[in-house]
Amino acid sequence: MGMWVGADLEDAPHTKMAHVHSSLDIGKGDAPGRGQPWLSVRNDGLRFTNEDIPFYLMGNQTTKGAKADGYYYNILDADWESNLKQFPPRVTSPINPELFAQALKLGTIIKADTIEELARLSGIDSSNLILTVKRYNELFEKGEDEDFGKIAIDLSPIKKPPFYCIPRLPCVSTILGGLNINTDMQVLDEKEDVIEGLYAAGNVSGGFFGGANDYPFPIIGISVGRAITFGRLAGQYVANSKV
């Protein structure tokens, strides 16, 4: 709407905000534990990254496989609760057996007695997943991630049935590219002249994230805080304006 009246949009690239979901079906909700460093593979059954990175960065890696479907898949075993006690603290929701059981019932977590069956039920290449799990267990026994450099405390064995697969789908929630403004929150045109009477704050205003590849989730509430802070300032400037 701002551009319809001559406002200028900040130059690309525009920062993306990406969240990870377990299903496109909103009614199913999300399976717990999306930030945990469990073994992760693409649908080709191959490990593709150091899993000790924030969940919103995982999506950058999920489209690079030859047959990639946009998902990545957490692979874990019956001792998943012990894993959580071993892993360093994460900025994620606590996981309890009730949440886990609910996700199993809804189908956002897949369960099987063998890795081969787990792969079949999850749509993952079975032969590659078997080899990947075998290699991952070897790395656990060595206490060193020779393939991707993940810290040893984040390695966990996948040996005890039943086994679990949690599909994760990184989705772009919004693109943080907005209208160019000045320090008074006034919207500017292509010549950087003020469009009188037009103000912008929050995610409709540009120049805040500087085209960074990803929205900084570790800074909790930065999007909301930005809207509140600069929205209040914009209101003050409007109140003091003669227009």
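# Exercises on a predicted chain

The chain holds 6 helices and 7 strands, where helices (H or I, at least four residues) and strands (E, at least two) are DSSP runs numbered from the N terminus. This is a predicted model, in which local features need pLDDT of at least 70 and side-chain atom pairs count only at pLDDT 80 or more, while totals for chains, interfaces and linings use all residues. Residues are numbered from 1 along each chain as its sequence is written, and side-chain values use heavy atoms, with hydrogens and water left out.

## Exercise 1: the overall form

Describe the order of elements and the extent of the chain.

Solution. Begin with the order along the sequence, which reads β-β-α-β-α-α-β-α-α-β-β-β-α. Next take the C-alpha trace, which spans about 70 × 35 × 35 Å along its principal axes. Then compare the radius of gyration: the chain has 23 Å, whereas a compact globule of 243 residues would have a value near 18 Å; the radius is taken over C-alpha atoms, and the globule rule is 2.2 Å times the number of residues to the power 0.38. Finally, look at the contacts (heavy atoms within 4.5 Å): of those with a separation of 6 or more, 71% join residues 24 or more positions apart.

## Exercise 2: surface and charge

Work out how much of the chain is buried and what its surface and charges look like.

Solution. Of the 243 residues, 42% count as buried, a term that means under 20% relative accessible area, with exposed over 50% and partly exposed in between (1.4 Å probe, protein chains only). The chain exposes about 12900 Å², of which carbon and sulfur atoms supply 55%; these areas come from the Shrake-Rupley method with a 1.4 Å probe. As to charge, there are 23 positive and 31 negative side chains, and the centres of the two sets lie 5 Å apart. Here Lys and Arg count as positive and Asp and Glu as negative, with His and the chain ends not counted, and each charge is placed at NZ of Lys, CZ of Arg, CG of Asp or CD of Glu.

## Exercise 3: two helix residues

Decide whether leucine 118 is buried or exposed, and then treat threonine 229 in the same manner.

Solution. Leucine 118 lies in helix α4 (residues 115-122), and it counts as buried because its relative accessibility is 0%. Beyond four places in sequence, leucine 118 touches residues including Ile75, Ile110, Phe163 and Tyr164. Threonine 229, by contrast, belongs to helix α6 (residues 222-240), and with a relative accessible area of 44% it is therefore partly exposed. The C-alpha atoms of threonine 229 and alanine 201, 28 residues apart in sequence, are 8.6 Å apart in space.

## Exercise 4: two loop residues and a helix cap

Locate serine 156 and asparagine 50, and find what caps helix α3.

Solution. Serine 156 sits in the loop between α5 (126-142) and β5 (163-176); its relative accessible area is 2%, so serine 156 is buried. Its contacts beyond four places in sequence are Trp38, Asn83, Phe87, Tyr136 and Phe140. Asparagine 50 occupies the loop between β2 (39-41) and α1 (55-58), and at 18% relative accessible area asparagine 50 is likewise buried. Phe148, Gly149 and Lys150 are touched by asparagine 50, not counting residues up to four places away in sequence. Turning to helix α3 (residues 97-106), its N-terminal end is capped by asparagine 96, which has a side-chain oxygen 3.0 Å from the backbone nitrogen of glutamate 98. Just after α3, glycine 107 takes a positive phi of about 90°.

Conventions
A polar contact is a pair of N or O atoms within 3.5 Å; within protein, one must be able to donate a hydrogen and the other to accept it, and residues adjacent in sequence count only if both atoms are side-chain atoms.
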